Amino acid sequence: MAKRSSLSIRIVEGKNLPAKDITGSSDPYCIVKVDNEPIIRTATVWKTLCPFWGEEYQVHLPPTFHAVAFYVMDEDALSRDDVIGKVCLTRDTLASHPKGFSGWTHLVEVDPDEEVQGEIHLRLEVVPGTRTSRRLRCSVLQARDLAPKDRNGASDPFVRVRYNGRTQETSVVKKSCYPRWNETFEFEVEDGSTEALCVEAWDWDLVSRNDFLGKVLVNVQRLCAAQQEEGWFRLQPDQSKSRRGEGNLGSLQLEVRLRDEMVLPSSCYQPLVQLLCQDVKLDPQGPGQLIPLIEEMTSTECRQEVATNLLKLFLGQGLAKDFLDLLFQLELSRTSEANTLFRSNSLASKAMESFLKVAGMRYLHGVLGPIIDKVFEEKKYVELDPGKVEVKDVGCSGLHRPQTEAEVLEQSAQTLRAHLGALLSALCRSVRACPAVVRATFRQLFSRVRARFPSAQHENVPFIAVTSFLCLRFFSPAIMSPKLFHLRERHADARTSRTLLLLAKAVQNVGNMDTPVSRAKEAWMEPLQPTVRQGVAQLKDFITKLVDIEEKEELDLQRTLTLQAPPVKEGPLFIHRTKGKGPLMSSSFKKLHFSLTTEALSFAKTPSSKKSAFIKLASIRAAEKVEEKSFGSSHVMQVIYSDDAGRPQTAYLQCKCVNELNQWLSALRKVSINNSGLLGSYHPGVFRGDKWSCCHQKDKTDRGCDKTRSRVTLQEWNDPLDHDLEAQLIYRHLVGVEATLREKLQLLSGDRDAGTSPTGPGGAPGYSLAQLLRVLQDLREAHSSSLAVPLPTGPHHLLELQT
């Protein structure tokens, strides 16, 4: 049993932002921090005060997190990026919105006294004093993860302890966010006094005023009753000042949803999983009873989520193809017009969208990646709509004269024909590269549709059924928004975005088999018609080959893929292995291509070179960030592992941005989560010369000065499946519609008694539904029993002393 917390985050757009550049505009992006740790960076939207991002993320994190903050920044090429403002949502705020926090919220000014982070280790005790008083003894031991306030990426922290009119201070520890003091102070406690003990951390500055790092307020009366306490206390901001700047820094539109799940042991979910699998396996006798009921009772707003959860559950059971086939049958059974097939946002359409992203994203990148890269690199002005042509944007021709509108249109058509032709050629060559399970699913879809619409007039319908998913719901959205499909790191500028939109329209026309309806919508797309018509023939030939896969071939392909241990993540990184001698400089990093599988982290000079074994997966002990000051570079991570002799080793890897850093950390943490010997603490610095750069300790084997963050991860499309979590999410959804399910069971029981309903594949009408309701009841009781047993957590007394 474990409690899982996750945040679904959608950063939509901003408006009315202040201008930070001399041009009267800004180049805004967002940084998302969870408890002051940067987790996400959106792409920069250039030269605008009303940016649109539309980026979505799923963050898994410990249930003990406190707040998530969204910082809107202005990117500068020559100086430090400017902070425009922020929005902070506490855990309590998110918990008070079960359906999610959604809407516009004003940006507020960033107050340095509120930008605190880290924890301080205190030992507190009340000891006998004189006859009329007692002594309060406060030992300031150490701190960790303090905010870096100086330009060197660190702070010079000291602690100020105040109580009963007296103030005492520790010594200053230079250049450290992980200081150790081990200093003790005593104060006299008068009977009946209600004053709190205030422990403040400060960054010492020689010239300017000291910077506030955070504080802890201790209830002395409660401490007197407990006599002594010791532990780590989270530093709190100084909120004595009124909030400034609200309402004049623009607004940010967000959609944020917090979900807490109590996930039971796998055995508890087996009856539910088996029941759903049995429903899917009933294919020879016709569609089962439960999946149609779930589809019927799933509202539009949560259909995508339910479809994704069911798909992942059946993927884990090896039944994704069977599940989708059942949905195809349901959709076909209620469709009378061929031109409306799979056009609605049904469970089948949503499940197929999720299926292609989970099972086909690597295939999409292989086919589409080079074409998208070329569009971004060329940055040509492309326009086919005469009403939108802007000749001045084109520049001059070779004769040093502005091009005419006709010349612009012809040049644009040539560019788009070249991109479309290259894409179709790449697609036609990709039959063998398409994953076996995707090919088998499309084969099933193709045959079902052809059987439902067998006449000659519907000859193209099976092809359109395949392209409605492959082209219209997968390739075209990826072309229009390559950033959202991880094809590019940045959003396209206005010129490139228009080229991508026109290319996506052309792909849609090919996917629609060049119907008169699609041609009539935008007559100005006519210059592409020869390529579109040729593309239709190419696409039909491609689909014919794609669905021509036998069961044996499918099994052989799946076996081959299983033996290959497909990469969990791969890409270029810079590596440096320290030997502990002399300073470590960013120039000492070497660029290599890394590949992480479920067996090892390996590297090579190029993606096509032979991989060299680097770190065995089972030997990884931690994957964490490195302090920026350690290398003078940001986005550096460390992989701590044991070598063949069992000795601890560390590899330092540098990423190019915060997103890539967190994606690599997430992937490493996910694949090593069940490793034995995982570390609970680590050093965020490096051992340089004779001491650790973070805490200045001189013992290289010294216990780490910061706690590991193994439970903070970003979800990606290629994540390992979490079977228990998916089952829990499906259980939660079914509990939400349980009352409707019971009404349905009563209705089916009445029909059975009246003899008006035939027996379904699961036995008597409602038999599977009755089983499902019993399983839900058993799971409810298991959850109730689990809540009666407190979860194992850290020392609870730490939070009791915080105010």
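This is a short chat between a student and a tutor about a predicted model.

Student: Let's start broad. How many helices and strands are there in the protein?

Tutor: The protein has 20 helices and 28 strands. Of its 803 residues, 53% count as buried, and that label needs a relative accessible area under 20%.

Student: Which share of the contacts comes from residues 24 or more positions apart?

Tutor: They account for 69% of the contacts with a separation of 6 or more. A contact here takes heavy atoms within 4.5 Å.

Student: On to helices. Why is α7 called oblique to α10?

Tutor: Take the angle. The axes of α7 (residues 347-378) and α10 (residues 461-480) cross at roughly 55°. Roughly parallel would need an angle under 35 degrees, and roughly perpendicular runs from 65 to 115. The crossing angle of roughly 55° fits neither of those, so α7 is oblique to α10.

Student: What else describes that pair, say the handedness of the crossing?

Tutor: The crossing of α7 and α10 is right-handed, and their axes come within 9 Å. As for the chemistry, the contact residues divide into 15 nonpolar, two polar and three charged.

Student: Now the sheet with β2 and β3. What makes β3 and β6 edge strands?

Tutor: Look at the order, β3-β2-β5-β6, in an open sheet of four strands with antiparallel pairing. β3 (37-41) and β6 (82-90) each pair on one side only. From one strand to the next, the twist averages 25°.

Student: How do you know that β2 and β3 pair?

Tutor: Count bridges. Pairing takes at least two bridges between the strands, and β2 (residues 28-34) and β3 have four, in the antiparallel sense. Within that pairing, Val32 has Ile40 in β3 as its bridge partner.

Student: Which helix lies across β2 and β3?

Tutor: That's α16 (residues 658-671), running at about 110° to β3. Roughly perpendicular covers 65 to 115 degrees, so an angle of about 110° counts as roughly perpendicular.

Student: Last one. What makes β21 mostly covered?

Tutor: Six of the six residues in β21 (residues 620-625) are buried, which means each has a relative accessible area under 20%.

Student: And how do you know that β21 pairs with β22?

Tutor: Same test as before: at least two bridges are needed. β21 and β22 (residues 636-642) have five, and the sense is antiparallel. Ala622, for instance, has Ile640 in β22 as its bridge partner.

Notes
Residues numbered from 1 in each chain as written. Predicted model: local features only at pLDDT ≥ 70, side-chain atom pairs only at ≥ 80, totals over all residues. Heavy atoms only, no water. Helix = DSSP H or I, 4+ residues; strand = E, 2+ residues; numbered from the N terminus. Axes fitted to C-alpha atoms, helices over the stretch in contact; angles between N-to-C directions. Parallel < 35°, antiparallel > 145°, perpendicular 65-115°, else oblique. Left-handed = near helix turned anticlockwise from the far one by under 90°. Nonpolar A, V, L, I, M, F, W, Y, C, P; charged D, E, K, R; others polar. Buried < 20%, exposed > 50% of the residue type's maximum accessible area, 1.4 Å probe, protein only.
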